Amino acid sequence: MKPILVCGLNQLGIAVVRQLIAKGETARVLALADEVESYSHELKRLGVSVCVGVASSAGELEAAGLHDASAVILTANDDAENVDAALTARRIRPGVPIVARVFDASLGEYLE
């Protein structure tokens with residue numbers, strides 16, 4: 001089973017990871033060091049592999065397993081970061097399904 005790559009750990013990100021695991025999916029996480037530290041016990045308990053980095057970085061997305069991911073879920077609290085990450089992921093792997101948390105309607109339309 002191909003993993004789902006979750007980028008960004010906050011309340012939404014960890015909730016997404018929990019739901020994926022509960023549904024029998026495999027999740028991988030790409031998040032900032034402080035985010036990983038905040039949820040390290042939970043991630044370990046869930047058996048989730050983690051890569052520390054920024055989702056808008058092509059190299060860090062690739063290191064986190066973008067090429068093997070069945071989908072990418074972007075949950076950072078920063079719309080611009082999620083948009084940059086979505087565009088980077090799409091450039092590297094055009095067909096991968098992407099779900100991005102975006103509150104700004106104009107940015108959401110731009111992504112479509």
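**Exercise 1. Strand 4**

Task: Which way do the residues of strand 4 (residues 71–74) point, and are they buried or exposed?

Solution.
- Start with directions. Ala71 and Ile73 point one way from strand 4, while Val72 and Leu74 point the other way.
- Recall the general rule. In a regular strand the side chains alternate between the two faces of the sheet.
- Now check cover. Ala71, Val72, Ile73 and Leu74 are all buried. Buried means under 20% relative accessible area, exposed over 50%, and partly exposed in between (1.4 Å probe, protein chains only).
- Note how elements are named. Helices (H or I, at least four residues) and strands (E, at least two) are DSSP runs, numbered from the N terminus.

Before going on, note the ground rules. This is a predicted model, where local features need pLDDT of at least 70 and side-chain atom pairs count only at pLDDT 80 or more, while totals for chains, interfaces and linings use all residues. Residues are numbered from 1 along each chain as its sequence is written, and side-chain values use heavy atoms, with hydrogens and water left out.

**Exercise 2. Partners of strand 4**

Task: How many bridges join strand 4 to strand 1 (residues 4–7), and how many join strand 4 to strand 5 (residues 98–100)?

Solution.
- Use the pairing rule: two strands pair if DSSP finds at least two bridges between them.
- Take strand 1. Four bridges join it to strand 4, and the two run parallel. Ile4 has Ala71 as its bridge partner.
- Take strand 5. Three bridges join it to strand 4, again in parallel. Here Leu74 has Ala100 as its bridge partner.
- Follow the chain. It leaves strand 4, passes through helix 5 (residues 79–92) and reaches strand 5 in a right-handed β-α-β crossover. Right-handed means that, with the strands pointing away from the viewer, the path from the first strand over the helix to the second runs clockwise.

**Exercise 3. Strand 2 and its neighbours**

Task: Which residue stands opposite Val6 in strand 2?

Solution.
- Look at the pairing. Strand 1 and strand 2 run parallel and are joined by four bridges.
- Find the partner. Val29 of strand 2 stands opposite Val6.
- Trace the connection. The chain goes from strand 1 through helix 1 to strand 2, and this β-α-β crossover is right-handed.
- Go to the next pair. Strand 2 and strand 3 (residues 49–52) are parallel too, with four bridges. In strand 3, Ser49 is the bridge partner of Arg28.
- Check cover. Four of the five residues of strand 2 are buried.

**Exercise 4. The largest nonpolar core**

Task: Which residues of the largest nonpolar core touch the most other members?

Solution.
- Define the core. It is a set of buried Ala, Val, Leu, Ile, Met, Phe, Trp, Tyr and Cys residues joined through side-chain atoms within 4.5 Å.
- Name the residues. The core has 16 residues, and Val17, Leu20 and Val29 touch the most other members.
- Name the sources. Strand 1, helix 1 (11–22), strand 2 (27–31), helix 3 (40–46) and strand 4 each give two or more residues. Helix 1 gives the largest share, four residues.
- Zoom in on Val29. Beyond four places in sequence, its contacts (heavy atoms within 4.5 Å) include Leu5, Val17, Leu43 and Val50.

**Exercise 5. Salt bridges**

Task: Which residues does the salt-bridge network join?

Solution.
- Apply the rule: a side-chain nitrogen of Lys or Arg lies within 4 Å of a carboxyl oxygen of Asp or Glu. The count comes to two salt bridges.
- First pair: Glu42 and Arg18, with the closest N and O atoms 2.8 Å apart. Glu42 is in helix 3 and Arg18 in helix 1, 24 residues apart.
- Second pair: Glu42 and Arg45, at 3.0 Å from N to O. Both lie in helix 3, three residues apart, about one turn of the helix.
- Join them. Arg18, Glu42 and Arg45 form one network, through salt bridges that share partners.
- Compare cover. Glu42 has 19% relative accessibility, so it counts as buried. Arg18, at 36%, counts as partly exposed. Arg45, at 60%, is exposed.

**Exercise 6. A buried arginine**

Task: What is the nearest side chain of opposite charge to Arg93?

Solution.
- Place Arg93. It lies in the loop between helix 5 and strand 5.
- Assign charges. Lys and Arg count as positive, Asp and Glu as negative; His and the chain ends are not counted.
- Read the distance. The nearest opposite charge is Asp68, 7.0 Å away, and Arg93 is buried yet has no salt bridge.
- List the contacts. Leaving out residues up to four places away in sequence, Arg93 touches Leu66, His67, Asp68 and Ala69.
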